[in-house]
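Colleague: I am new to this structure and should be grateful for a close look at a single part of it. Would you please choose one residue as the point of departure, and then proceed from there to the neighbouring topics in one connected account?

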Amino acid sequence: MALTSSARLPAAGPAPARTRRAGRLAPYGFLAPFFVLFAAFGLFPLLYTAYVSLHRVELQTTERMDWLGPQNYTRLLADPFFWNALRNTFTIGVLSTVPQLLMALGLAHLLNHRLRGRTFFRVAMLLPYATSVAAATLVFAQLFGRDYGLINWLLGELGLGPVDWQAGTWSSQFGVSAIVTWRWTGYNALIYLAGMQAIPGELYESAAVDGASKWQQFRHVTIPGLRPTIVFTVVVSTIGATQLFGEPLLYEGNAGGGISHQYQTLGLYLYEQGWTFFHLGRAAAVAWVMFLLIVVLALLNAAIAARRNRTDR
């Protein structure tokens with residue numbers, strides 16, 4: 001005689017406490033590898049750098065650490081070369097970030113249209129970003145060469161005198177900024193392009209019906225729709241400008257940032273303190289000042305964006 005279904009299957013009851021607990025803890029288990037790696041390679045070095053910044057530590061005798069308290073920071077704030085590096089970081093950041101993002105916005109607007117071979121152009125935008133920092137900087141250093149550089153040759157053809165792109169303050173900072181702009185413009189253009197393609201087409205159709213020109217559509221539809229993306233690129237570019245290191249280091253080949261430190265950034269200043277003068281404690285203090293500066297700039301950008309959003313509403 002066949003058994004009924006109720007006889008074959010046990011009655012469903014509440015899940016055991018251990019099973020419920022395992023279900024609640026499962027998401028944390030999946031996230032655990034990230035937090036372990038972050039603690040080992042992110043949080044611990046950050047905290048240890050803060051600890052080192054409060055000591056006198058020399059590169060030749062790293063096992064010896066003498067307590068100084070905030071003395072490394074007070075020396076740092078009294079060092080004119082630190083303020084020179086901070087000023088150079090700001091000016092190079094402005095010279096590279098502002099033109100870079102404006103050109104990226106324009107290129108993204110062009111690529112957003114139906115162009116023949118637009119896939120090729122989109123891929124080509126990433127080529128500068130994929131190029132090695134060392135290779136790009138060495139090529140630009142030759143282009144900006146004083147005696148045989150292509151830029152000075154073009155200036156000579158136009159009847160202008162040669163420029164020493166590595167000796168002058170503004171000329172050398174412009175040269176470094178040109179490398180940064182060339183490498184990151186295409187990358188930001190693709191980010192803007194992705195943001196533009198997420199804007200509903202109905203908004204452009206409504207603007208066209210109302211008689212808006214292409215420029216008015218770009219100003220009143222594209223820019224507001226890209227505002228979160230623009231804030232993101234500004235924050236990322238600001239962080240990158242604060243950490244600028246490879247381009248100015250290889251531009252002339254020394255950590256001093258030129259014969260008169262005319263383009264020495266905070267990254268170069270940190271490197272010089274730690275690996276040229278062997279003061280690891282001071283270098284750690286510079287690293288923490290850079291970290292705090294990045295946090296302040298990121299919060300400032302976020303506050304400006306939030307205030308703008310509230311104003312628009």
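Modeller: Proline 45 is partly exposed, since its relative accessibility is 31%, a value that falls between the 20% below which a residue is buried and the 50% above which a residue is exposed. As with everything that follows, this value comes from a predicted model. Proline 45 belongs to helix α2, which comprises residues 17–52. When residues up to four places away in sequence are left aside, proline 45 is in contact with Ala39 and Ala40.

From helix α2 one may pass to the strands. Strand β1 is formed by residues 55–58, and its two faces are unlike in cover: His55 and Val57 lie on the covered face, whereas Arg56 and Glu58 lie on the uncovered one. In a regular strand, side chains alternate between the two faces of the sheet. The partner of β1 is strand β2, residues 61–67; the two strands run antiparallel and are joined by three bridges. One bridge links glutamate 58 to threonine 61 of β2. Two residues separate the strands, and together β1 and β2 make a hairpin.

The hairpin is also touched by a residue from a later part of the chain. Leucine 280, situated in helix α15, has contacts with Val52, Val57, Glu58, Leu59, Thr62 and Gly274, again with residues up to four places away in sequence not counted. With regard to threonine 62, its C-alpha atom is 8.4 Å from that of leucine 280, although these positions lie 218 residues apart along the chain. Glutamine 71 provides a further example of a long sequence separation. This residue is in helix α3, residues 71–77, and is partly exposed, because its relative accessible area is 30%. The C-alpha atoms of glutamine 71 and alanine 298 are 227 residues apart along the chain and 27 Å apart in space.

The loop that precedes α15 deserves attention for its backbone. Phenylalanine 278 is located in the loop between α14 and α15, the latter being residues 280–312. Phenylalanine 278 is not a glycine, yet its phi is positive, at about 65°. Most residues other than glycine have a negative phi. The position of phenylalanine 278 is just after α14, and with a relative accessible area of 30% this residue is partly exposed. Within α14 itself, the buried residues are Leu266, Gly267, Leu268, Tyr269, Glu272, Gln273 and Gly274. In an α-helix, residues three or four places apart point the same way, because there are 3.6 residues a turn.

A second positive phi is found on the other side of α14. Histidine 261 occupies the loop between α13, residues 246–252, and α14, residues 266–276. Its phi is near 55°, and it too is a residue other than glycine. Histidine 261 is buried, because its relative accessible area is 18%, and a residue under 20% is counted as buried.

There remain two pairs of helices that pack against one another. Helix α7, residues 133–143, and helix α9, residues 169–197, have axes that come within 10 Å and cross at roughly 130°. Because of that angle, α7 is oblique to α9. The crossing of these two helices is right-handed. On the side of α7 the contact involves Val133, Ala136, Thr137 and Phe140, which meet Ala178, Ile179, Trp182 and Arg183 of α9. By class, six of these residues are nonpolar, one is polar and one is charged.

The other pair consists of helix α10, residues 201–209, and helix α11, residues 214–225; their axes are 10 Å apart and the packing angle is about 145°. The crossing of α10 and α11 is right-handed. Here Leu203, Tyr204, Ala207 and Ala208 of α10 are in contact with Gln217, Val221 and Thr222 of α11. The residues of this contact comprise five nonpolar and two polar residues, with no charged ones.

How values were computed: Residues numbered from 1 in each chain as written. Predicted model: local features only at pLDDT ≥ 70, side-chain atom pairs only at ≥ 80, totals over all residues. Heavy atoms only, no water. Axes fitted to C-alpha atoms, helices over the stretch in contact; angles between N-to-C directions. Helix = DSSP H or I, 4+ residues; strand = E, 2+ residues; numbered from the N terminus. Parallel < 35°, antiparallel > 145°, perpendicular 65-115°, else oblique. Left-handed = near helix turned anticlockwise from the far one by under 90°. Contact = heavy atoms within 4.5 Å. Nonpolar A, V, L, I, M, F, W, Y, C, P; charged D, E, K, R; others polar. Buried < 20%, exposed > 50% of the residue type's maximum accessible area, 1.4 Å probe, protein only. Pairing = 2+ DSSP bridges.
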